[in-house]
Amino acid sequence: MAEQNCLVTNDWICWEYVRSRGQELTDATVQHVWITVVSVLIGLAVAFPLALLARRSRRLAGTVLGLTTVLYTIPSLAMFSLLLPVFGLSAALVITGLVLYSLTILVRNILAGLEAVPAEAREAAEGMGYGAGRLLWEVELPLALPALLAGIRIATVSTVALTTVGAIVDKGGLGNLIEGALPSFFKAQILAASVLCVLLAVVADLLLLGLQRLLTPWTRIRTPRSAKVG
């Protein structure tokens, strides 16, 4: 009886809300995950060539990094307003905005990873006859993976949070539930959607951390302790 009355008393913790609105929560979560994944993947596809361009010279690096930083400072409402005439009220509007926001993190981390590749590794590969393309994909990119994957982790967690802003065009996943609950201050809905959003970020980060450890086993190698002098 207490669980049924929690909807009437507007409690923060209300399992009856979770039970009765389970499908609504599932649909919002699926939309949230879809928008996040698509945004990060497109952001990575755009950031990679930008990072390659930026590492050609300091001037290009300053231009690319400066531009992506400026994009990140644009308030979300202003960003969506600028993109609205092009994409209309659609998921593409939200995804494009999230892609632009992700660039400042992804470009910097990819560039940092590539620049951290030891010069000796490049010289050895070039001495073995590696061309620019083969050098990039078989030597530089694998060695840059730790920084690259760290950037993807940060960008993903950030995108999970920013996706909620898409509620202003009804494409915000769990943000739709939060926005819909604010006028009546429906506590159970606000809390449930917020907790799910946090859980999505944590789960995504843990999954990407596991992928990072799987793809970069050499980063887990421990150097043996110095022998004790007796």
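Here is a walk through this structure, from its overall build down to a few individual residues. Keep in mind that the model is predicted.

Let's start with the big picture. The chain is built from ten helices and has zero strands. Reading from the N terminus, the elements go α-α-α-α-α-α-α-α-α-α. The radius of gyration is 22 Å, well over the 17 Å that the globule rule gives for 230 residues, so the chain is more spread out than a compact globule. You can also think of it as a box: along the principal axes, the C-alpha atoms fill roughly 75 × 65 × 25 Å.

How much of the chain is tucked away? Of the 230 residues, 39% are buried. About 13200 Å² is exposed, and carbon and sulfur atoms supply 66% of that area. As for how the chain meets itself, take the contacts between residues at least 6 apart in sequence: 71% of them join residues at least 24 apart.

Now for the aromatic rings. The count here is two aromatic pairs. One of them is formed by Phe 48 and Trp 137, whose rings are tilted, at 5.7 Å centre to centre with 35 degrees between the planes. This pair ties together distant parts of the chain, since Phe 48 belongs to helix H3 (residues 22–54) and Trp 137 to helix H8, 89 residues apart. Phe 48 counts as buried because its relative accessibility is 15%, under the 20% cut-off. Trp 137 has a relative accessible area of 54%, so it counts as exposed, the cut-off being over 50%.

Tyr 72 and Tyr 101 make up another aromatic pair, edge-to-face this time, with 6.0 Å centre to centre and 90 degrees between the planes. Here too, distant parts of the chain are linked: Tyr 72 lies in helix H4 (residues 58–73) and Tyr 101 in helix H6 (residues 91–115), 29 residues apart. Tyr 72 is partly exposed at 38% relative accessibility, while Tyr 101 is buried at 5%.

Stay with helix H6 for a moment, as two more of its residues are worth a look. Thr 104 is found in this helix, and it is buried, with a relative accessible area of 8%. What does Thr 104 touch, leaving aside its neighbours within four places in sequence? Its contacts are Thr 68, Thr 69 and Tyr 72. That last name is familiar: Tyr 72 is the ring that pairs with Tyr 101.

Leu 103 also has its place in helix H6. With a relative accessible area of 4%, Leu 103 is buried. Not counting residues up to four places away in sequence, Leu 103 touches Gly 43, Val 46, Ala 47, Leu 50, Thr 68 and Arg 108. For a sense of distance, the C-alpha atoms of Leu 103 and Val 37 are separated by 14 Å, and these two residues are 66 apart along the chain.

Next, follow the chain to helix H8, which covers residues 132–162 and contains Leu 135. Is Leu 135 buried or exposed? Its relative accessible area is 7%, so it is buried. Setting aside residues up to four places away in sequence, Leu 135 touches Arg 122, Ala 125, Glu 126, Tyr 130 and Glu 140. Leu 135 and Pro 217 are 82 residues apart in sequence, and from C-alpha to C-alpha they are 21 Å apart in space.

Helix H9 (residues 174–181) has its own set of buried residues: Leu 174, Gly 175, Asn 176, Leu 177 and Ala 181. Which elements cover them? H2, H3 and helix H10 (187–215) are among them.

Finally, turn to the outside. Trp 12, Ile 13, Trp 15, Val 18 and Phe 185 make a nonpolar surface patch of about 550 Å². One of these residues, Val 18, sits in helix H2 (residues 15–20). Val 18 is partly exposed, with a relative accessible area of 33%. Helix H2 has come up already, as it is part of what covers the buried residues of H9.

Definitions and conventions: Residues are numbered from 1 along each chain as its sequence is written. This is a predicted model: local features need pLDDT of at least 70, side-chain atom pairs count only at pLDDT 80 or more; totals for chains, interfaces and linings use all residues. Side-chain values use heavy atoms; hydrogens and water are left out. Helices (H or I, at least four residues) and strands (E, at least two) are DSSP runs, numbered from the N terminus. Buried means under 20% relative accessible area, exposed over 50%, partly exposed in between (1.4 Å probe, protein chains only). Contact means heavy atoms within 4.5 Å. Rings of Phe, Tyr and Trp (its six-membered ring) pair if their centres lie within 6.5 Å; planes under 30 degrees apart count as stacked, over 60 as edge-to-face and the rest as tilted. Patches are made of residues with over 30% relative accessible area and no salt bridge: like charges are joined within 9 Å, nonpolar side chains (Val, Leu, Ile, Met, Phe, Trp, Tyr) within 5 Å. Accessible areas come from the Shrake-Rupley method with a 1.4 Å probe; for residues, only the protein chains shown count as cover. A salt bridge is a side-chain nitrogen of Lys or Arg within 4 Å of a carboxyl oxygen of Asp or Glu. The radius of gyration is taken over C-alpha atoms; the globule rule is 2.2 Å times the number of residues to the power 0.38.
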